[in-house]
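User: I would like the terms used for this model checked against their definitions. Please take them one at a time.

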Amino acid sequence: MTSQARTSRGFRFSGRRLAEDTATYVVLSVVLLIMMTPILWLILTSIRPLVEIASTRLILIPRRLVLDNYLAVFRDYEMAAYLQNTLIVCGGVIASNMVIGPPAAYAMSRYRFRGEKAVLFGLVFMRMIPLVAVILPLFIIFSTLRLLNSYAALIIAHTAFKLPVTIWLLRAFITDLPRELDDSARVDGASPLGVIVRIVIPLIKPGLAATAVLAFLATWNDLLVTLVLSNTIKTEMVALGLTKFVLEYGVAWGPLTAAGVLMFIPTVVFVFIAERYLVRGLTMGAVKE
């Protein structure tokens with residue numbers, strides 16, 4: 001093969017590779033633009049004056065930037081209380097999942113017992129049950145216990161629905177850990193709880209981060225639980241608070257979009273903080289050697 005032929009083949013290969021890469025980046029850019037358009041429009045609408053929001057003409061870029069909508073959110077709609085309530089409930093749900101989840105997952109991973117498969121099936125089945133199917137029994141239970149309109153009711157209800165996923169995922173992470181680590185810790189005098197705290201938890205930090213993010217997002221965006229179990233500003237969460245922007249004679253679009261921006265900022269911050277472990281946790285155990 002002459003050098004001219006080799007050069008021609010290399011040029012064709014490079015040109016085809018360049019075309020494929022360009023097409024890939026173009027498609028990804030278009031998909032990203034489509035996904036980001038609602039968020040960008042939400043942000044732009046939140047800083048528009050009312051006259052532009054109510055205009056029948058399409059105005060892509062605001063001609064004048066204002067913060068009146070954000071001020072109205074806190075002045076007229078108790079947004080600070082909604083955010084505080086939601087952060088408290090989400091924190092309680094994450095804490096309960098991180099306290100109960102690892103020991104339960106460890107027990108189901110390391111110990112064999114009668115009815116093990118039934119318990120695993122029960123975890124999956126509990127997650128498959130629609131929330132709307134059990135929300136009325138939950139209301140009756142918490143009403144009988146006089147726990148309605150309390151943080152305890154919201155945290156317990158959300159934990160009951162998030163914990164099966166946490167246990168199921170953490171069980172897979174713990175199963176991938178060598179049992180020899182447990183044996184070595186026991187030889188050194190560690191109790192089962194000591195093995196979990198000193199050996200297992202440090203090694204499954206990616207899994208803990210992934211399950212914490214999933215529990216946080218599911219709780220933060222929930223509407224039905226707080227709608228049924230809360231009817232006071234003291235415990236109402238952000239998702240329910242957004243419905244207060246739908247007024248009798250219309251929708252307060254400016255404050256509503258501002259509240260929407262404020263609602264997704266904490267989720268972005270939380271995921272950004274956990275991002276160090278999140279990708280590793282979601283892919284951990286995907287490849288077997």
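Analyst: The answers below cover the largest pocket, helix H7 and a UniProt annotation.

This is a predicted model, in which local features need pLDDT of at least 70, side-chain atom pairs count only at pLDDT 80 or more, and totals for chains, interfaces and linings use all residues. Residues are numbered from 1 along each chain as its sequence is written, and side-chain values use heavy atoms, with hydrogens and water left out.

User: What makes a space a pocket and not a cavity?

Analyst: On a 1 Å grid over the protein atoms alone, a cavity is a set of points where a 1.4 Å probe fits but cannot get out, whereas a pocket is an open set with protein on both sides within 12 Å along at least five of seven lines. The largest pocket holds about 230 Å³, a volume being the space filled by probe spheres set on points joined across faces, edges and corners.

User: Which residues line the largest pocket?

Analyst: There are 16, and Arg127, Phe161, Lys162, Val165 and Ala218 are the closest to its centre; a lining residue has an atom within 4 Å of a point. H7 supplies the largest share, six residues.

User: Why is the span of H7 called close to the expected one?

Analyst: The expected span is 1.5 Å times one less than the number of residues. H7, a DSSP run (H or I, at least four residues, numbered from the N terminus), has 25 residues, so 36 Å is expected and its first and last C-alpha atoms are 34 Å apart.

User: Where is H7 kinked?

Analyst: The kink of about 40° is at lysine 162, shortly before proline 164; the bend is the angle between axes fitted to the seven residues ending there and the seven starting there.

User: What does UniProt place at residues 252-274?

Analyst: The unreviewed entry places a "transmembrane region" there, though annotations may be inferred rather than shown by experiment. In the model that stretch is 96% helix and 0% strand.

Notes
Helix = DSSP H or I, 4+ residues; strand = E, 2+ residues; numbered from the N terminus.
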